[in-house]
2 protein chains.
Amino acid sequence: SSKVLLRPRTSEEVSHILRHCHERNLAVNPQGGNTGMVGGSVPVFDEIILSTARMNQVLSFHSVSGILVCQAGCVLEELSRYVEERDFIMPLDLGAKGSCHIGGNVATNAGGLRFLRYGSLHGTVLGLEVVLADGTILDCLTSLRKDNTGYDLKQLFIGSEGTLGVITAVSILCPPKPRAVNVAFLGCPGFAEVLQTFSTCKGMLGEILSAFEFMDVVCMQLVGRHLHLASPVQESPFYVLIETSGSNAGHDAEKLGSFLEHALGSGLVTDGTMATDQTKVKMLWALRERITEALSRDGYVYKYDLSLPLEQLYDIVTDVRARLGPRAKHVVGYGHLGDGNLHLNVTAEAFSPSLLGALEPHVYEWTARQQGSVSAEHGVGFRKRDVLGYSKPPEALQLMQQLKALLDPKGILNPYKMLPSQA
Amino acid sequence: SSKVLLRPRTSEEVSHILRHCHERNLAVNPQGGNTGMVGGSVPVFDEIILSTARMNQVLSFHSVSGILVCQAGCVLEELSRYVEERDFIMPLDLGAKGSCHIGGNVATNAGGLRFLRYGSLHGTVLGLEVVLADGTILDCLTSLRKDNTGYDLKQLFIGSEGTLGVITAVSILCPPKPRAVNVAFLGCPGFAEVLQTFSTCKGMLGEILSAFEFMDVVCMQLVGRHLHLASPVQESPFYVLIETSGSNAGHDAEKLGSFLEHALGSGLVTDGTMATDQTKVKMLWALRERITEALSRDGYVYKYDLSLPLEQLYDIVTDVRARLGPRAKHVVGYGHLGDGNLHLNVTAEAFSPSLLGALEPHVYEWTARQQGSVSAEHGVGFRKRDVLGYSKPPEALQLMQQLKALLDPKGILNPYKMLPSQA
């Protein structure tokens with residue numbers, strides 16, 4: 001297969017490229033996203049690869065409203081640094097921040113670590129500039145919090161994984177930088193206690209709660225074994241990481257202190273530690289953020305990114321562990337509990353079709369029975385396009401195909417991705 | 001003109017009605033929204049009027065996540081009461097809450113008084129059930145915070161004013177009920193001080209700020225004259241209403257106290273009062289919420305609902321006041337300053353084409369020059385459909401027409417609304 005890499009600098013250049021491809025029926029694969037896991041940004045056959053890496057200019061920043069307007073190729077971490085110098089933060093944060101582009105984040109509707117507090121990109125993205133398949137530049141790059149003039153077209157492109165248009169610029173609302181950030185890392189005796197800790201924490205920490213993450217004991221063992229990170233608390237079946245972000249350090253410490261006292265006193269939590277200084281905060285976050293890395297060192301990894309009702313969130317881990325028995329090296333569960341988002345990962349010495357057969361469609365069917373989502377935050381890409389039907393009815397899949405046909409009648413944008421291969 | 005009113009109870013009945021209308025090319029006008037101002041829910045010619053008033057059942061409520069699933073005809077105020085009994089609040093609140101339906105709120109992408117804190121319905125609505133023009137029931141009624149399986153179809157219908165489908169059920173994320181609510185009502189010597197008060201307040205109140213509303217002195221004179229409401233502070237050119245909502249009454253009072261001390265000490269604010277008890281909180285809110293009522297008693301009202309950059313937000317009021325001179329009875333500005341949303345209202349003894357001619361297209365052109373929105377939160381409906389072009393480029397209007405043609409090829413859903421009459 002032959003591939004051509006193009007690196008335009010402006011939306012006009014993107015428009016020119018797409019018009020050319022559209023006229024000649026050439027497939028285009030936009031890059032810069034965070035779709036590695038599902039193969040969303042990997043060209044499948046002969047394709048023009050369109051990189052937004054050189055479209056990396058901040059276009060404007062408003063210091064009262066916190067509205068940032070920038071080109072799609074800006075790296076998330078660089079944007080974070082830019083707005084933090086101005087006393088704001090980006091409304092999203094994820095492990096891949098050092099390499100992923102904001103345009104890719106929007107195209108894949110990235111979730112990440114700040115979702116619980118600041119919500120979805122469907123709410124925080126205020127405007128987009130998009131180049132359509134035929135080269136038309138669609139300018140919906142407003143910097144307004146409210147705009148009800150007609151259909152909210154930008155929403156179509158958030159999470160469409162480059163299959164409906166190429167995002168070339170983004171307008172996004174940044175929250176003020178919190179003056180105090182605290183992290184607590186706790187051990188819980190069971191999953192029921194993890195859930196109760198979450199409820200208690202929502203009540204007692206309220207508006208300052210900014211993350212509620214969990215991991216099971218196997219995750220902790222693997223970050224210990226492969227990355228030599230030591231657990232900061234006694235061994236427990238489950239661990240919880242709670243982050244608060246607020247405007248008054250004293251008030252926040254007081255809220256977190258009362259919560260911890262209550263959680264320890266009532267037996268919801270068996271051991272815990274707290275951090276306010278940057279170094280320890282980072283160290284505690286690393287235990288959670290580096291699980292993926294530890295897993296990849298453990299062997300071949302089967303990954304599932306599921307949304308499930310909170311009560312059933314961990315049942316699938318126990319179920320799969322029992323189902324696979326010694327055929328799996330490790331079966332682990334961790335993720336953004338506060339958002340109902342579980343990362344179920346299975347490691348084995350190597351890829352095996354029979355192990356895959358034991359996992360799929362079982363995991364998808366199980367998720368569908370709970371009305372869950374088979375792709376919570378990682379997108380669909382190439383690998384998962386045929387499992388959409390587990391979370392969406394045929395009428396929805398048909399409307400998706402119609403939208404694709406309307407916006408990209410020749411099917412040149414990121415082909416073989418996202419939509420089922422047979423409609 | 002002949003009108004038929006239908007009041008289905010289920011989405012199956014809605015489906016049956018739409019299939020019938022689709023086959024016979026009959027226009028359907030869905031009702032239940034908050035589109036009175038722009039005539040969005042008023043049938044124009046012969047139409048079937050489809051009322052969702054009997055579709056008023058709560059389908060489920062999850063007491064940990066706060067996710068509410070209900071039929072589209074539930075009245076907002078009743079839903080508020082329902083979730084407040086369970087220690088949550090609705091993420092939106094508006095003056096029309098006693099009569100508007102949640103389905104109408106979603107169809108018109110209603111903004112309202114909690115927007116500053118909880119954001120847009122594009123972020124808080126988790127799922128929708130929609131009946132399409134041909135009667136197809138599109139079930140995207142998930143209760144998941146994160147779901148990246150395919151295009152986020154529900155977004156298409158949020159703010160489409162019933163022109164792409166009829167919303168029959170809504171899944172929405174409710175925030176926890178705050179334990180403490182405080183309101184401060186302040187007088188400011190000028191608009192520059194209003195803006196500085198907003199900046200200061202964002203910094204010092206941070207995550208507990210839940211509303212920042214403003215009104216000019218003429219608004220206060222009119223609520224005094226027509227509704228006999230007395231100003232709680234000394235007369236000032238501008239007034240600001242600040243609300244905080246938080247989980248700890250003591251912490252919130254301390255934050256608000258320091259802020260007020262700073263604001264008074266620095267001259268940003270010349271007089272102020274504060275309320276924590278329900279009665280006084282309601283009394284202060286009434287000054288802001290009842291402006292519309294006072295205006296309607298003042299005469300014929302020309303209403304504009306604009307999004308503008310904060311710095312220029314009040315300039316249009318001054319400009320219009322000078323432009324109209326004695327031809328207008330009163331020209332007032334008030335609104336959701338925290339969201340950049342101005343309500344510019346002009347009263348006169350009666351409607352006059354020449355006064356309208358002095359206002360339009362002047363107000364729209366002025367707004368377009370500032371890259372503002374000519375319809376911030378009230379929708380487009382029948383009256384404003386020909387002014388969309390002031391806020392959206394031709395490429396966007398064309399794509400809107402294409403989406404309309406795709407989803408409602410016979411144009412039976414809410415005709416003559418939202419989209420420009422000539423494309």
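The paragraphs below lead through the sheets, one strand residue and the aromatic pairs of this structure, which is a predicted model.

A good place to begin is chain A, where seven strands form an open sheet whose order is β12-β9-β11-β10-β14-β15-β13, with antiparallel pairing. Its edges are taken by β12 and by β13 (300–307) of chain A, each of which pairs on one side only. Going from strand to neighbouring strand, the turn averages 15 degrees when direction is ignored. At the β13 edge, β13(A) is joined by eight bridges to strand β15 (residues 341–348) of chain A, the two running antiparallel, and Tyr300(A) stands opposite Ala348(A) in β15(A). Helix α14(A) packs on the sheet here, touching β13 and β15 of chain A, and its direction makes about 10 degrees with that of β13(A).

Towards the other edge lies strand β9 (residues 180–188) of chain A, which is mostly covered, since eight of its nine residues are buried. On one side β9(A) is joined through nine bridges to strand β11 (residues 238–246) of chain A, in an antiparallel arrangement; with β12(A), it pairs over five bridges, again in the antiparallel sense. Val183(A) illustrates both pairings, for its bridge partner in β11(A) is Glu243(A), while in β12(A) its bridge partner is Ala275(A).

Strand β12 (residues 271–275) of chain A also holds Thr273(A), and this residue shows how the edge of the sheet is packed against its surroundings. With a relative accessibility of 15%, Thr273(A) counts as buried, because the limit for that class is under 20%. Its side chain makes a polar contact of 2.6 Å with the side chain of Lys280(A). Once neighbours within four places in sequence are left aside, the contacts of Thr273(A) include Val183(A), Ala184(A), Phe185(A) and Leu186(A), and among the others are Pro232(A), Val233(A) and Leu284(A).

From the sheet one may turn to the aromatic side chains, of which a search of the whole structure finds 30 pairs over all chains. One of them joins Phe191(A) and Phe214(A), whose ring centres are 5.7 Å apart and whose planes stand at 65 degrees, so the pair is edge-to-face. Phe191(A) belongs to helix α7 (residues 191–205) of chain A and Phe214(A) to strand β10 (residues 209–216) of chain A, so the pair ties together parts that are 23 residues apart in sequence. Both rings belong to buried residues, as Phe191(A) has a relative accessibility of 11% and Phe214(A) a relative accessible area of 1%. Ring pairs further link Phe191(A) and Phe214(A) with Phe238(A) and Tyr314(A) into a cluster.

What geometry do the rings of Tyr364(A) and Tyr390(A) adopt? Their centres lie 5.6 Å apart and their planes make an angle of 25 degrees, so this pair is stacked. Tyr364(A) lies in helix α14 (residues 362–369) of chain A, whereas Tyr390(A) lies in the loop between α14 and α15 (394–407) of chain A, so the contact ties together parts that are 26 residues apart in sequence. Tyr364(A) counts as buried at 4% relative accessibility, but Tyr390(A) is partly exposed, with a relative accessible area of 29%.

Rings also meet charged groups. The charged end of Arg86(A) sits over the ring of Tyr82(A), 3.7 Å from its centre, and across the chains the charged end of Lys146(B) sits over the ring of Phe115(A), 5.0 Å from its centre.

Chain B offers a parallel sheet, an open one in which three strands follow the order β1-β3-β2. The strands β1 (3–6) and β2 (28–31) of chain B stand at the edges with a single partner strand each, so one side of each is left without a neighbour in the sheet. From one strand to the next the twist averages 25 degrees. β2(B) pairs in the parallel sense with strand β3 (residues 47–51) of chain B over four bridges, and Gln31(B) stands opposite Ser51(B) in β3(B). Helix α1 (residues 11–24) of chain B lies across β1, β2 and β3 of chain B and runs at about 170 degrees to β3(B).

Elsewhere in chain B, His228(B) is found in the loop between α8 (217–227) and β11 (238–246), where it is exposed, with a relative accessible area of 67%. The C-alpha atoms of His228(B) and Ala294(B) are separated by 9.7 Å, although the two residues are 66 apart along the chain.

Note on methods:
Residues are numbered from 1 along each chain as its sequence is written. Chains are lettered from A and ligands numbered from 1 in the order in which they are written. This is a predicted model: local features need pLDDT of at least 70, side-chain atom pairs count only at pLDDT 80 or more; totals for chains, interfaces and linings use all residues. Side-chain values use heavy atoms; hydrogens and water are left out. Rings of Phe, Tyr and Trp (its six-membered ring) pair if their centres lie within 6.5 Å; planes under 30 degrees apart count as stacked, over 60 as edge-to-face and the rest as tilted. Buried means under 20% relative accessible area, exposed over 50%, partly exposed in between (1.4 Å probe, protein chains only). A charge sits over a ring if NZ of Lys or CZ of Arg is within 6 Å of the ring centre and within 35 degrees of the ring normal. Two strands pair if DSSP finds at least two bridges between them. Axes are lines fitted to C-alpha atoms, for helices over the stretch in contact, and angles run from 0 to 180 degrees between N-to-C directions. Contact means heavy atoms within 4.5 Å. A polar contact is a pair of N or O atoms within 3.5 Å; within protein, one must be able to donate a hydrogen and the other to accept it, and residues adjacent in sequence count only if both atoms are side-chain atoms.
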